[in-house]
Amino acid sequence: MKKYVVGTLAAAFCCVLLSGIIQARSLQRGISDKILRFHVLANSDSSADQALKLKVRDEVGAYLSAQLNAAESLQESETIVLENLTEIEQAASELIQEEGYDYAVAASLETCLFPEKTYGIYTFPAGNYEALRVVIGDGAGQNWWCVLYPNLCFAGSMYAVDETSGEELSAELTNEEYAAILGNGDYEVSFKILKFMNRLVE
């Protein structure tokens, strides 16, 4: 009888765990399908390279802010980024040279695997996201990121994020998805379960 009870409880726990993982993955995919991230990777973790990364971020950000100002959809934002990859690389490269470095720089629009990341008040679950990636030199240093669409990068004060600057984000996401990245309800628990399970299979 005792073995039966233990087995039943174990089976129930597995069902709850599986349900949480499925929910978390579904939410992550729903979120990732609606946003475009901006990702800048430093050459290394040296203080000089990290400072250069932020200067490249600001240079590219200033250029993109003007280009994306009129974008009203994810598709428009993707198209604008793709059409301006050469200009983005050029702007970053010129800044790098002005700062006295000879690092190569590469800009691309691609799907990338991100760990769980917090930006301002929002925490985005780990998973695949489309992103504009700007890689400086070896790209081996700590990175910086934001959300290009819906616009969190340039809302209000550049790179300062709060619930007010996230109005466009809340409009794009479902109530459930928006609550998830704010860490409301049980979604945060589901994402932690998913992250734990992903570690087990790494």
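This report describes a predicted model, moving from a pair of strands to the nonpolar core, a disulfide and two helices.

## Strands E1 and E6

Strand E1, which covers residues 36–41, pairs with strand E6 in the antiparallel sense, and the pairing runs over six bridges. One of the residues involved is His39, whose bridge partner in E6 is Trp145.

Strand E6 itself covers residues 143–149, and because six of its seven residues are buried, this strand is largely enclosed by the rest of the structure.

## The nonpolar core

The largest nonpolar core of the model has 46 residues, and those with the most contacts inside it are Phe38, Val56, Phe124, Leu132, Val134, Leu148 and Leu169. Strand E6 supplies the largest share of this core, namely six residues.

Phe38 gives a closer view of these surroundings: when residues up to four places away in sequence are not counted, Phe38 touches Arg57, Val60, Leu132, Val134, Trp144, Trp145, Cys146, Leu148 and Cys153. Among these partners, Leu132, Val134 and Leu148 are also listed with Phe38 among the residues that have the most contacts inside the core.

## The disulfide and the cysteines

How many disulfides does the model contain? The count comes to one, and this disulfide joins Cys146 to Cys153, with a distance of 1.6 Å from S to S. The link of Cys146 and Cys153 is right-handed, with 80° about the S-S bond.

Are the two linked cysteines, Cys146 and Cys153, buried or exposed? Residues under 20% relative accessible area count as buried, so Cys146, at 0% relative accessibility, is buried, and Cys153, with a relative accessible area of 0%, is buried as well. Another cysteine, Cys112, has a relative accessibility of 6% and therefore also counts as buried.

## Ser77 in helix H3

Helix H3 covers residues 74–83, and Ser77 is found in this helix. Because its relative accessibility is 2%, Ser77 counts as buried. If its neighbours within four places in sequence are left aside, the residues in contact with Ser77 are Leu36, Leu68, Ala71 and Tyr149. Of these, Leu36 lies in strand E1, residues 36–41, while Tyr149 lies in strand E6, residues 143–149.

## Helix H6 and the residue after it

Helix H6 covers residues 175–182, and its buried residues are Glu177, Tyr178, Ala179, Ala180 and Ile181. Just after H6 comes Gly183, which takes a positive phi of about 80°.

Terms used:
Residues numbered from 1 in each chain as written. Predicted model: local features only at pLDDT ≥ 70, side-chain atom pairs only at ≥ 80, totals over all residues. Heavy atoms only, no water. Helix = DSSP H or I, 4+ residues; strand = E, 2+ residues; numbered from the N terminus. Buried < 20%, exposed > 50% of the residue type's maximum accessible area, 1.4 Å probe, protein only. Contact = heavy atoms within 4.5 Å. Pairing = 2+ DSSP bridges. Disulfide = S-S within 2.5 Å. Core = buried A, V, L, I, M, F, W, Y, C linked by side-chain atoms within 4.5 Å.
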